[in-house]
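Reader: I am new to reading protein models. Please take me through this one step by step.

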Amino acid sequence: MSDFAIVSDAVTKRYNGFEALKGVSLRIPRGVVFGLLGPNGAGKTTLLSIFTTLKRANSGSVIVEGFDVQKEKYSVRKLQGVVFQDSSHDGELTAFENLFFHAKLYGMPSDKSRKKILDVLELVGLSDRKDDFVNTFSGGMRRRMEIARALVHEPKILYLDEPTTGLDPQTRNHLWEYLKNLRGTTTIVLTTHYMDEAEKLCDIIAVIDHGSIIAQGNSDDLKRIVGGEVILVRSSDNIIPVLKRSKFKCSVDKHNGIFEIRVDNAEKSIAKILRVLERAGVKISGVDVHRTTLEDVFLHLTGKSLREESPVDFETKSYTNLGRVN
Ligand SMILES: Nc1ncnc2c1ncn2[C@@H]1O[C@H](COP(=O)(O)OP(=O)(O)OP(=O)(O)O)[C@@H](O)[C@H]1O
Ligand SMILES: [Mg+2]
């Protein structure tokens, strides 16, 4: 058996001539948390819909745990738990009943499912609402029900399409912790446009934009693409010749009156750089460090921010959210 839970090859999807996926090939190892990170409309939900047999690809193939998603739908579906963007609960049933019927559908014995349902309701913080009708729940609570349902039958592969959108920070953290504990036994594929979510949770991140995977790796791999981190120094002296003389391995530039020193690792370099500057008698009025984020990676690869469709204006971008690439 291969080490991969999911193998997709050159998957394409068109909607009325519009190419939503342009040949997506991915190898997702078993037991990892795999994150699909991309802006609105990138193709994340479309790809998940194909992996989970809800949509058919126009071309290419997807094999999930050895089963072909187009030819062996039923076998594929049995393995998976899915949390989609849109809620699909029966509001006329209580939280417990919803989960109980779901577990039955997956052939779980009643005793086992009762215990498991109480566990997952506890996890999503809905234990005290278990006997309430779902149509009395708030949006966030419905979302939490959705997550509970995906987990109740202990799926081998868990798909989460923007799982924490609309959740309060406490539930979000709670869910992250829970998902981390599933690592190793369950393969988790999640989509998100939250970089912190991708960063904290995912072993592997694939960045998707306009239907194509544009980068893939763990968060350190991805950050290396940007090529270094930035130390910002405010000074009325010119530090460029000082640093050049010091032979310190860095590149330095001045933008909007602030010196930007690009280094491999800001944390390791900052003390040395400050020593060099102080020894040369440079007066420093402020120092800041900009560690590379996944947002920078996206910006570097696409020239636009994950959240905005418009190209970023490098010149006017503020230093409080510095995503500058040279
Ligand atoms: N049923 C559909 N019919 C026509 N176009 C569609 C359909 N579903 C998706 N699209 C288009 O395909 C592209 C990818 O959509 P998709 O929902 O996969 O993006 P996404 O990455 O999940 O975005 P979001 O972050 O907003 O959820 C978008 O341009 C979208 O408008
Ligand atoms: Mg989506």
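Author: One term is needed before we start: a polar contact is a pair of N or O atoms within 3.5 Å. Please also keep in mind that this is a predicted model.

Reader: How far does a polar side-chain atom of T46 lie from an oxygen atom of ligand 1?

Author: A polar contact needs two N or O atoms within 3.5 Å. The side chain of T46 offers a polar atom, and ligand 1 offers an oxygen atom. The distance between these two is 2.5 Å.

Reader: How much of the area of ligand 1 does the protein bury?

Author: Taken alone, ligand 1 exposes 640 Å². Of that area, the share buried by the protein is 65%.

Reader: Which residue has a side-chain N or O atom 2.7 Å from an oxygen atom of ligand 1?

Author: N40 also has a polar side-chain atom by an oxygen atom of ligand 1, but there the distance is 2.9 Å. The residue with the 2.7 Å distance is K44.

Reader: Which element supplies the largest share of the shell around ligand 1?

Author: Two elements each supply at least two residues of this shell: strand 2, residues 18–29, and helix 1, residues 44–51. The largest share is 3 residues, and it comes from helix 1.

Reader: How many residues of the shell around ligand 1 are charged?

Author: There are 14 residues around ligand 1, and N40, G41, K44, T45 and T46 come nearest. The shell divides into 5 nonpolar residues, 7 polar ones and a charged group. The number in that charged group is 2.

Reader: What kind of aromatic pair do F96 and F100 form?

Author: The count of aromatic pairs comes to 2. In the pair of F96 and F100, the ring centres are 6.1 Å apart and the planes differ by 15°. Planes under 30 degrees apart count as stacked, so this pair is stacked.

Reader: Over which residues does pLDDT stay under 50?

Author: The protein chain averages a pLDDT of 87, and 93% of the residues score at least 70. The stretch where pLDDT stays under 50 has 38 contacts beyond four places in sequence in the model, and it covers residues 309–326.

Methods
Residues numbered from 1 in each chain as written. Chains lettered and ligands numbered in written order. Predicted model: local features only at pLDDT ≥ 70, side-chain atom pairs only at ≥ 80, totals over all residues. Heavy atoms only, no water. pLDDT = per-residue confidence, 0-100. Contact = heavy atoms within 4.5 Å. Near = heavy atom within 4 Å. Polar contact = N/O pair within 3.5 Å; in protein donor to acceptor, adjacent residues only side chain to side chain. Areas by Shrake-Rupley, 256 points an atom, 1.4 Å probe, with all protein chains shown as cover. Helix = DSSP H or I, 4+ residues; strand = E, 2+ residues; numbered from the N terminus. Nonpolar A, V, L, I, M, F, W, Y, C, P; charged D, E, K, R; others polar. Phe/Tyr/Trp six-rings, centres within 6.5 Å; stacked < 30°, edge-to-face > 60°.
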